[in-house]
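Subject: Structure for you to look at

Hello,

Here is the structure I promised you. Please open it next to this email and follow along.

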Amino acid sequence: MGRNSLRILKWPVALVLVTALLFSLGSALPVNAAEPSRDFQETGHTVSGDFLTFFDGHGGLGIFGYPLTDEIVEDGRTVQYFQRARMELWPENPLPYRVQLGLLGVQLGKAEPGLESQPAGDSDTRYFPETGHTVKSTFKDFWEHNGGLDIFGYPITEQQEENGLVVQYFQRARFELHPDSPNGSQIQLGSLGEEYLALKAQSSKKTEDSSSTTNAEQEATTSSQVQDNKQQNDSHQNGGAGQESSAGESAAGPQPADTAPESDSPNAPANASLAPQPNDTASKTATTTSSPSASSSPVRVGVQAGHWKSAELPAELAGLRTSTGTSGGGVSESELTLDIAKRVASLLQTYGIQVDVLPATVPPAYQADAFVSLHADGDASGKRSGFKVARASRSAIPGTDDALVTDISEEYQAATNLPVDPNVTRNMTAYYAFNNRSFQHAIAKTTPAAILEMGFLTNASDRTTLLDHPDTVAKGIAQGILRFLGKLGESIGNSGSN
Ligand SMILES: [Zn+2]
């Protein structure tokens, strides 16, 4: 769209003045030829282009407040901070979603666990199963009449008292009730943009001060400052970022229409924006056979042995260090996943594929042609049975991921004859290693990824397959990956059933 080049150009002063004048006369005037722009003398910053269109189209000052920065680039993305929001430019999105608001409520660590189930509420209460929270009365009206999901996101807390005010946090906003204000302005939005910028400045100052620590330690410290505030909203497997899963419960199914476009949007992860993301590090350090041209580099696949070496997880995922998974038949989950991962790796390697058998810790922004995380389920009754495959609910490449999920699911079932367990969980769709918005130690958003619960270690029948026929299990997984990579022309051994 030429936006980047426009941004670089210095506008002639006269043109800026004319534009400002046109806009001061009213927004009814068409200004198509040049990118519109407006200076805010109150803070000395300028809003222009798509951001200005979004600003004017979604409530202006009342919703966003004044700009606190000009357009800046954070983690490779053009963003602009306002008192109450961060606008993010997503030029790859369809037009209505080119500008997205950052998830500042989430990034400030305000999310709280949702309610177990829908409360018996009155018609004045709206329950959001996506996060398990409700919105009531005047807050509900405000949410519904001022932009709803696109502007505020889902509620991530209930109403609560904070600094003497009744407030409620949403993914992108804080509602505040000011009972002494005149009617019509009793609900105001908190200054999340301002608070986030302050936290960021504080973090980078601390980083500069601690000159004795290594870069990695600094990043971890900085990250944890945000992460430590995060309430664990879901069970630990998603690293306490359960709210990330709110876009959809069903991993393989289509996204709800209103959330699909933002599958990719709430990025600018807190950590990555606080510390630069070493995009290339993963492939550079892990690739031992570097090839001169990208086109001739080998196909690369990451197979993660779920829970393996979880005690070594980095600070940003410290909450998962004790996540050792299930067990059954005297075998722990990580023993099983490591054994299967190694078998899958050796099968794939016969096709010339470079395979990384990864522990719980994923290299930062891990890049590969496919990433598959292996797990097994546990259930106290011993009755539940079957396998399931899922992708990130907020995948940036949902179609690609769905293909990987389908290929693995079908090949795995054909190989193992295990039943499909339809109960995909949020721990799967919000799996921490998918969550590159919150964690540096996660896959790159361009890496196709799936998580496979191979079966129930606590179920005698499943266990027979998993422990007594590991090569069959590995074959099903490898064939699914090969099919996804378009390399299943020649199947390994006997394809199909065992
Ligand atoms: Zn697991």
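Keep in mind that this is a predicted model. Start with an open sheet of four strands. Their order is 3-4-5-6, and the pairing is antiparallel. Which strands stand at the edges? They are strand 3 (72-74) and strand 6 (99-101). Each has a single partner strand, so one side of each is left without a neighbour in the sheet. On average, neighbouring strands here are turned by 40 degrees against each other, direction ignored.

Now look at one pair in this sheet. Strand 5 (residues 86-89) and strand 6 run antiparallel and are joined by three bridges. One residue pair to find is Leu89 with its bridge partner Val99, in strand 6.

A reminder on pairing: strands of a sheet pair through backbone hydrogen bonds, either parallel or antiparallel.

Next comes an open sheet of five strands, in the order 16-13-17-19-18. Its pairing is mixed. The edges belong to strand 16 (354-358) and strand 18 (388-390). Each of these has a single partner strand, so one side of each lacks a neighbour in the sheet. Neighbouring strands of this sheet are turned by 20 degrees against each other on average, direction ignored.

Inside this sheet, strand 17 (residues 370-377) runs parallel to strand 19 (residues 449-456). Six bridges join them. Asp377 has Phe456 of strand 19 as its bridge partner.

Two helices to find here are 13 and 15. Helix 13 (residues 398-416) lies across strand 17, strand 18 and strand 19. It runs at about 25 degrees to strand 19. Helix 15 (residues 460-468) packs on the sheet and touches strand 17 and strand 19. The direction of helix 15 makes about 120 degrees with that of strand 19.

Then turn to a helix pair. Helix 12 (residues 333-349) packs against helix 16 (residues 470-484) at an angle of about 55 degrees. Their axes are 8 Å apart. That angle makes helix 12 oblique to helix 16. The crossing is right-handed. Helix 12 brings residues including Ile340, Val344 and Leu347 to the contact. Helix 16 brings, among others, Val473, Ile477 and Ile481. How do the contact residues divide? There are 10 nonpolar, no polar and four charged.

Last, the whole protein. It has 16 helices and 19 strands. Of its 498 residues, 46% are buried. Among contacts with a separation of 6 or more, 69% are between residues 24 or more positions apart.

Best wishes

Conventions. Residues are numbered from 1 along each chain as its sequence is written. This is a predicted model: local features need pLDDT of at least 70, side-chain atom pairs count only at pLDDT 80 or more; totals for chains, interfaces and linings use all residues. Axes are lines fitted to C-alpha atoms, for helices over the stretch in contact, and angles run from 0 to 180 degrees between N-to-C directions. Angles under 35 degrees count as roughly parallel, over 145 as roughly antiparallel, 65 to 115 as roughly perpendicular and the rest as oblique. A crossing is left-handed if the near helix is turned anticlockwise from the far one by less than a right angle, and right-handed if clockwise. Two residues are in contact if their C-beta atoms, placed from the backbone, lie within 7 Å. Ala, Val, Leu, Ile, Met, Phe, Trp, Tyr, Cys and Pro count as nonpolar, Asp, Glu, Lys and Arg as charged, and the others, Gly among them, as polar. A residue is buried if 20 or more other C-beta atoms lie within 10 Å of its own, exposed if 12 or fewer, and partly exposed in between; C-beta atoms are placed from the backbone. Two strands pair if DSSP finds at least two bridges between them.
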